[in-house]
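Biologist: I am new to this one. Could you show me the model and explain the terms as we go?

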Amino acid sequence: MSGLEDLFEAAKAARENAYAPYSNFKVGAAIRAARGRVFTGCNVENAAYPEGTCAEAGAIAAMVLAGETRIGEVVVIGDAALCTPCGGCRQKLKEFSAPDVSVHIAGLDGIKQSFTVAELLPAGFELHGNRD
Ligand code: THU
């Protein structure tokens, strides 16, 4: 199995544990950190809707907790036409990614389309990086 297939399967398994009773839309995310370890997350909704968290945020939190701060590759999976990360998660991914890091968007049967972080978030905010 290739590395990308492993990452897809990890994201798919994470999606199974999503807590999404309000939207009924389960999402899984898998991040391969730059040093090779894989971290996963799922969306976790809340009765107070804005308190819900996205799958990507969970995977990033797990990665950082483990002491990793560089993303190598990402798979996001949801049963939608194209389950691309929300705007906030694009910024969260950018924090830990080089511009050319791949974010693969998958449906239940496999990867549908791939983007770089720079494609998902052109001109993304950097605290000290946008000076002339
Ligand atoms: N969601 C994610 O977790 N990641 C995405 O990339 C898109 C949306 C979640 C948030 C919410 O729990 C549900 O999907 C519907 O918006």
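Modeller: We will take the ligand, the salt bridges, two backbone angles and a surface patch in turn. Keep in mind that this is a predicted model.

Biologist: Which residues surround the ligand?

Modeller: The shell consists of Ser-23, Phe-25, Val-27, Asn-43, Glu-45, Cys-54, Ala-55, Glu-56, Thr-84 and Pro-85. By type, 5 are nonpolar, 3 polar and 2 charged.

Biologist: What makes the approach of Glu-45 to the ligand a polar contact?

Modeller: The cut-off is 3.5 Å between N or O atoms. An N or O atom in the Glu-45 side chain is 2.5 Å from an oxygen atom of the ligand. That value is within 3.5 Å, so the pair counts as a polar contact.

Biologist: How do you know that Asn-43 and Thr-84 qualify?

Modeller: For Asn-43, a polar side-chain atom lies 2.9 Å from a ligand oxygen. For Thr-84, a backbone N or O atom lies 3.4 Å from an oxygen atom of the ligand. Both values are within 3.5 Å, so both pairs count. As for cover, the ligand taken alone exposes 370 Å², and the protein buries 76% of that.

Biologist: How many salt bridges does the structure hold?

Modeller: There are 4 salt bridges. One of them joins the side chains of Arg-32 and Glu-73.

Biologist: Why is the pair of Arg-32 and Glu-73 called a salt bridge?

Modeller: The limit is 4 Å from a side-chain nitrogen of Lys or Arg to a carboxyl oxygen of Asp or Glu. Here the N to O distance is 3.7 Å, so the pair passes. Arg-32 sits in strand E1 and Glu-73 in strand E3 (residues 71-78), 41 residues apart.

Biologist: What about Arg-35 and Glu-68: which of the two is buried and which exposed?

Modeller: Their side chains meet in a salt bridge at 3.2 Å, N to O. This pair also links distant parts of the chain, with Arg-35 in the loop between E1 and E2 and Glu-68 in the loop between H2 and E3. Arg-35 has 67% relative accessibility, which is over 50%, so Arg-35 is exposed. Glu-68 has 6%, under the 20% limit, so Glu-68 is buried.

Biologist: Why is Glu-126 called partly exposed?

Modeller: Its relative accessible area is 36%, in between 20% and 50%, so Glu-126 is partly exposed. The side chain of Glu-126 meets that of Lys-94 in a salt bridge (2.8 Å, N to O). Glu-126 lies in the segment after H4 and Lys-94 in helix H3 (residues 87-95), so the pair ties together parts 32 residues apart in sequence. Lys-94 has a value of 17%, under 20%, so Lys-94 is buried.

Biologist: What makes the phi of Asn-24 worth a look?

Modeller: Most residues other than glycine have a negative phi. Asn-24 is not a glycine, yet its phi is positive, about 55 degrees. Asn-24 belongs to the loop between helix H1 (3-16) and strand E1 (27-33). Ala-123, in the segment after helix H4 (117-120), also has a positive phi of about 55 degrees.

Biologist: How do you know that Ala-123 is exposed?

Modeller: Its relative accessibility is 83%, over 50%, so Ala-123 counts as exposed. Asn-24 stands at 65%, so Asn-24 is exposed by that cut-off too.

Biologist: Which residues form the nonpolar patch on the surface?

Modeller: Tyr-19, Tyr-22, Val-44 and Tyr-49 form the patch, with about 440 Å² of accessible area together. Tyr-49 is in the loop between strand E2 (38-42) and helix H2 (55-65).

Biologist: What makes Tyr-49 accessible enough for a patch?

Modeller: Patch residues need over 30% relative accessible area. Tyr-49 has 60%, so Tyr-49 clears that limit and also counts as exposed.

How values were computed. Residues numbered from 1 in each chain as written. Predicted model: local features only at pLDDT ≥ 70, side-chain atom pairs only at ≥ 80, totals over all residues. Heavy atoms only, no water. Patch = residues over 30% accessible without salt bridge, like charges linked within 9 Å, V, L, I, M, F, W, Y side chains within 5 Å. Areas by Shrake-Rupley, 256 points an atom, 1.4 Å probe, with all protein chains shown as cover. Helix = DSSP H or I, 4+ residues; strand = E, 2+ residues; numbered from the N terminus. Buried < 20%, exposed > 50% of the residue type's maximum accessible area, 1.4 Å probe, protein only. Near = heavy atom within 4 Å. Polar contact = N/O pair within 3.5 Å; in protein donor to acceptor, adjacent residues only side chain to side chain. Nonpolar A, V, L, I, M, F, W, Y, C, P; charged D, E, K, R; others polar.
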